[in-house]
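Me: Please take a close look at how the helices pack in this model, and follow the packing into the interior behind them. I would like one connected account rather than a list.

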Amino acid sequence: MAAEPRPLREQGVAIFGGSSGIGLAAARAFVAEGARVALIARNPERGAAAAASLGPAAHFVAADCAVPAEVARAVAGAHAALGRIDTALVSTGTTHLPELLFRQSLEDVAETLRLDLAPALLAARGVLEPMMADGGGTILMVASDAGKLATPGESVIGAGMAAIIQFARTLALEAKRNGVRANVLTPSLVEGTPLTDRLMEEGRFSAKLFAKARPKADLGPTYPEDLAALAVFLASPAAARITGQAISVNGGISAA
């Protein structure tokens, strides 16, 4: 029988994309529970500042998660700093805004998959072996409801998000005998994040799209802290029987 998840106060947590938004909010929540965290992000200045804001329980490792060798180095660095990786939160985010497919070039499509999908899969694969070697752990991946619901302008983004969801579900089946659980957090519009700011300011199509979605959040807008709370729960012993799930946090925008 697989070992139960460790109490959060005993965990080492690696957060890919931990320098802002959902990743940083989750880091704060894990540190508040007594966990030690390693933030893995591409921007050295922002990552170091984020880790410093969390105090001595946080470390920073710079890495471009679109590059396999850098993911391997970052995982090794996080493991060395923490002693073990009990939980990994993969929140590498998206660099592309929604747009109708005929307005995207072939190069745009390839770049979206390379920069938005590949880092998430590489990060999850990177932490899998050390987790298995240490007796188990939890992999949490952040995708979006675009992977569940067909939405104009999100053909390529949605394909990538659906791939993350299916990847995590299959990983959950493969790794359960080694004590590794895998689940996905799928938000819609998350207020107060750099991506949402870009969606509403830079993208003409995306601004119209999400302006229509906002009023549907009858339970209230979603913030990074809502995703962070779910991540902490899923990493805890209370969620020991939950794996292979894709859980929406969207304030009621959809019933996905």
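Does helix 1 pass helix 8 in a right-handed or a left-handed crossing?

Reply: Helix 1 passes helix 8 in a right-handed crossing (the near helix is turned clockwise from the far one by less than a right angle; anticlockwise would be left-handed). The model is a predicted one, in which local features need pLDDT of at least 70 and side-chain atom pairs count only at pLDDT 80 or more, whereas totals for chains, interfaces and linings use all residues. Residues are numbered from 1 along each chain as its sequence is written, and side-chain values use heavy atoms, with hydrogens and water left out.

Helix 1 (residues 21–32) and helix 8 (residues 224–235) (helices are DSSP runs of H or I of at least four residues, strands E runs of at least two, numbered from the N terminus) have axes 8 Å apart and pack at an angle of about 55° (axes are fitted to C-alpha atoms over the stretch in contact, with angles from 0 to 180 degrees between N-to-C directions). The two helices are therefore oblique to each other (under 35 degrees is roughly parallel, over 145 roughly antiparallel, 65 to 115 roughly perpendicular, the rest oblique). On the side of helix 1 the contact (heavy atoms within 4.5 Å) is made by Gly21, Ile22, Ala25, Ala26, Ala29 and Phe30, and on the side of helix 8 by Pro224, Glu225, Leu227, Ala228, Ala231, Val232 and Ala235. By class, this contact of helix 1 with helix 8 has 11 nonpolar, 1 polar and 1 charged residues (Ala, Val, Leu, Ile, Met, Phe, Trp, Tyr, Cys and Pro are nonpolar, Asp, Glu, Lys and Arg charged, the others, Gly among them, polar).

Helix 3 (residues 68–82) and helix 4 (residues 106–133) have axes that come within 9 Å and cross at roughly 45°, which makes helix 3 oblique to helix 4. Their crossing is right-handed, and the contact joins Pro68, Val71, Val75 and His79 of helix 3 to Leu122, Ala123, Gly126, Val127 and Pro130 of helix 4. The residues of this contact divide into 7 nonpolar, 2 polar and no charged.

Helix 4 also packs on helix 5, with axes that come within 10 Å and cross at roughly 15°, and that makes helix 4 roughly parallel to helix 5. This crossing too is right-handed, and its contact includes Val109, Leu113, Leu117 and Leu121 of helix 4 and Ile157, Ile164, Phe167 and Leu171 of helix 5. Here the classes are 14 nonpolar, 2 polar and no charged.

Within helix 3 lies Ala74, which counts as buried because its relative accessibility is 0% (buried is under 20%, exposed over 50%, partly exposed in between, with a 1.4 Å probe and protein chains only). Leaving aside neighbours within four places in sequence, Ala74 is in contact with Ile40, Val61 and Ala63.

The largest nonpolar core (buried Ala, Val, Leu, Ile, Met, Phe, Trp, Tyr and Cys joined through side-chain atoms within 4.5 Å) has 38 residues, and those with the most contacts inside it include Ile85, Val127 and Ile164. Among the elements that give two or more residues to this core are helix 3, helix 4, helix 5 (155–175), strand 1 (12–16) and strand 6 (180–187), and helix 5 gives the most, with 8 residues. Apart from this core lies another, of 30 residues, among them Ile22, Leu24, Ala50 and Ala228; of these, Ile22 and Ala228 are also part of the contact between helix 1 and helix 8.
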